[in-house]
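The following exercises are to be worked with the sequence and the structure at hand. Each task is followed by a solution in steps.

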Amino acid sequence: MLFNNKYREEIIEAVFEKTNFCFVVVNREGLVTYLNKNYCDFIEVTLDDVLGKHVTDVIENTRMHIVAETGTEEIADLQYIKGNHMIANRIPLFAEGELVGAVGTVLYKDTEEWKKMNSHVKALLLEIENYQKKLRNPKGATYSLNDIVGSSIQINDIKEKIKKVSSGDASILLEGGSGTGKELFAHSIHHLSERSAKPFIKVNCAAIPVDLLESELFGYEGGAFTGAKKEGKKGKFQLADGGTLFLDEIGDMPLTAQVKILRALQEGEIEAVGTEKTQKIDVRIISATNQSIEELIKENRFREDLYYRINVISIKIPPLKERAEDIRVTAKFLLRKITQRTGKRVVSFSDAVMHFFMHYDWPGNVRELENVIESAVHLTNTEMIELEDLPDHMQQSLYITEDGMGLKEILSRAEKQALLHAIHKSNGDKIKAADLLGIGKSSFYEKIKKYDL
Ligand SMILES: Nc1ncnc2c1ncn2[C@@H]1O[C@H](COP(=O)(O)OP(=O)(O)OP(=O)(O)O)[C@@H](O)[C@H]1O
């Protein structure tokens, strides 16, 4: 009496349709045979739309077809669906001892708590990824020539030059706008050099306060100044001994530190702060700048003799907008990289987006392209990035195509609007605004000067 058919049906209906779970059932071939209402609502489909379709065409990042084929259950697996990490259970279904398919449940709750846990999980995954990167390369250089994407003549020429000059100790100056990949190129040079097993140490000359720069670079003896550690501290030069020292944004190096660096390079020795003892060091210098050092020399902000020392070999990286053939491959490469990291399935760009990418100015170069794709991946509800998934400031620049305006004018208006928008969004905080646009501080200041903002 208790287990009559009606009773069973009611129980099954309550379990499948009235709980907070999403259920999916597939047959041996991975075709959907059932999807409960909760799941249909969640992925915005109707049962009729999906019955008989392969489950991979219905649910992002699913593994139901694999479980239906292997018969191996997967419990509490993290699955990324519609911008969230869900908890998925996939259980094989057997009838009379034979594998006939699989049933899957996905737990989701649209509560604040769940959202918090989600962002917590995302942050942890990013952290794990960082540790994994560091473990793979404890010496600090994480990129090699293979990570440099681009098929343009310019990029190929740079790669060829890098192969020629990497071995040896000649100082190299990388010049290029913000986000053009200078750090990536510096890593690659180190990687290809005989120093690759030794450390690659980066110093961001613009980020260290002037009064700390010397002790950061050359270290200090115990008790050298108030607040100094008792046992002293090694400087970046000592840390890089035997390896490569990457001086990023060298144009921002204060003149006092320039004198010391010049001496270190000329004599191969340094003096830690608070001592007169000299120490021999052996480092190769790679520097990067997005300002014209020649201009800085004219303004007496950079020493000419240091310029000749660091610029034995010069590599100029052209801006992304001058390498139209690189935009498509780089965008595809970055989309793959970002989706692998976030676990969200987004596979392509609409033709309109690609067309826009090819004609946009890219003031923040590859970094800006990366930021734009990352935000679009988060925003899109489909597997394709459309124009409406692009950030607001880009969308605005799409609509200023008044008759009679040349491309140059359209682009500079778009740039000005983007700057205004970013300044407004960051409440006038210029550093934040530059960050929002994915460009460096100095190129941001150049631009606000240019448009008189
Ligand atoms: N040719 C490229 N192929 C693949 N990724 C690239 C390329 N160029 C730049 N990137 C990526 O763009 C981002 C910015 O690059 P990077 O930090 O090397 O630029 P940068 O010129 O040093 O910038 P900044 O002057 O602002 O410090 C990184 O994530 C980098 O991996």
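**Exercise 1. Helix 8 and its surroundings**

Which residue just after helix 8 takes a positive phi, and what covers the buried residues of the helix?

Solution. The model is a predicted one.
- Step 1: Locate helix 8, which spans residues 210–218.
- Step 2: Just after helix 8, the residue with a positive phi is glycine 219, at about 80°.
- Step 3: List the buried residues of the helix: Leu213, Glu214, Ser215, Glu216, Leu217 and Phe218.
- Step 4: Identify the cover, which includes two strands, strand 7 (200–204) and strand 9 (269–271), together with helix 9 (236–239) and helix 10 (255–267).

**Exercise 2. Order of an open sheet**

Determine the order of the strands in the open sheet formed by 5 strands, and name its edge strands.

Solution.
- Step 1: Begin with strand 3 (residues 74–81) and strand 4 (residues 84–95), whose antiparallel pairing comprises 6 bridges.
- Step 2: Add strand 5 (residues 98–107), which pairs with strand 4 over 9 bridges, again in the antiparallel sense.
- Step 3: Place these pairs in the whole sheet, where the order is 2-1-5-4-3 and the pairing is antiparallel.
- Step 4: Read off the edges: strand 2 (32–35) and strand 3 each pair on one side only.
- Step 5: Add the twist; on average, neighbouring strands of this sheet are turned by 25° against each other, direction ignored.

As background, strands of a sheet pair through backbone hydrogen bonds, either parallel or antiparallel.

**Exercise 3. Two hairpins**

Which residues take a positive phi in the hairpins that involve strand 4?

Solution.
- Step 1: In the hairpin of strand 3 and strand 4, 2 residues lie between the strands, and lysine 82 has a positive phi near 50°. Tyrosine 80 has histidine 85 of strand 4 as its bridge partner.
- Step 2: The hairpin of strand 4 and strand 5 likewise has 2 residues between its strands, and glutamate 96 in the turn takes a positive phi of about 45°. The bridge partner of alanine 95 is glutamate 98, in strand 5.

**Exercise 4. Nonpolar cores**

Which members of the largest nonpolar core touch the most other members?

Solution.
- Step 1: The core contains 39 residues, and those with the most contacts to other members are Leu174, Phe237, Leu245 and Phe246.
- Step 2: Take leucine 174 as a case. Leaving aside residues up to four places away in sequence, leucine 174 touches Lys182, Phe185, Ala186, Ile286, Ala288, Ile315 and Ile317.
- Step 3: Note a second, separate core of 20 residues, with Tyr39, Ile59, Ala68 and Tyr80 among them.

**Exercise 5. Glycine 343**

Is glycine 343 buried, partly exposed or exposed, and why?

Solution.
- Step 1: Find glycine 343 in the loop between helix 13 (324–342) and strand 13 (348–349).
- Step 2: Glycine 343 has 15 other C-beta atoms within 10 Å, and is therefore partly exposed; a buried residue would need 20 or more, and an exposed one 12 or fewer.
- Step 3: Beyond residues up to four places away in sequence, glycine 343 touches Asn61 and Tyr80.
- Step 4: Glutamate 60 is 283 residues from glycine 343 along the chain, yet their C-alpha atoms are separated by 9.6 Å.

**Exercise 6. The whole chain**

What share of the residues is buried, and how confident is the predictor?

Solution.
- Step 1: The protein has 453 residues, of which 32% are buried.
- Step 2: Its mean pLDDT is 85, with 89% of residues at 70 or more.

Notes:
Residues are numbered from 1 along each chain as its sequence is written. This is a predicted model: local features need pLDDT of at least 70, side-chain atom pairs count only at pLDDT 80 or more; totals for chains, interfaces and linings use all residues. pLDDT is the predictor's confidence in each residue, from 0 to 100. Two strands pair if DSSP finds at least two bridges between them. Helices (H or I, at least four residues) and strands (E, at least two) are DSSP runs, numbered from the N terminus. Axes are lines fitted to C-alpha atoms, for helices over the stretch in contact, and angles run from 0 to 180 degrees between N-to-C directions. A nonpolar core is a set of buried Ala, Val, Leu, Ile, Met, Phe, Trp, Tyr and Cys residues joined through C-beta atoms within 7 Å. Two residues are in contact if their C-beta atoms, placed from the backbone, lie within 7 Å.
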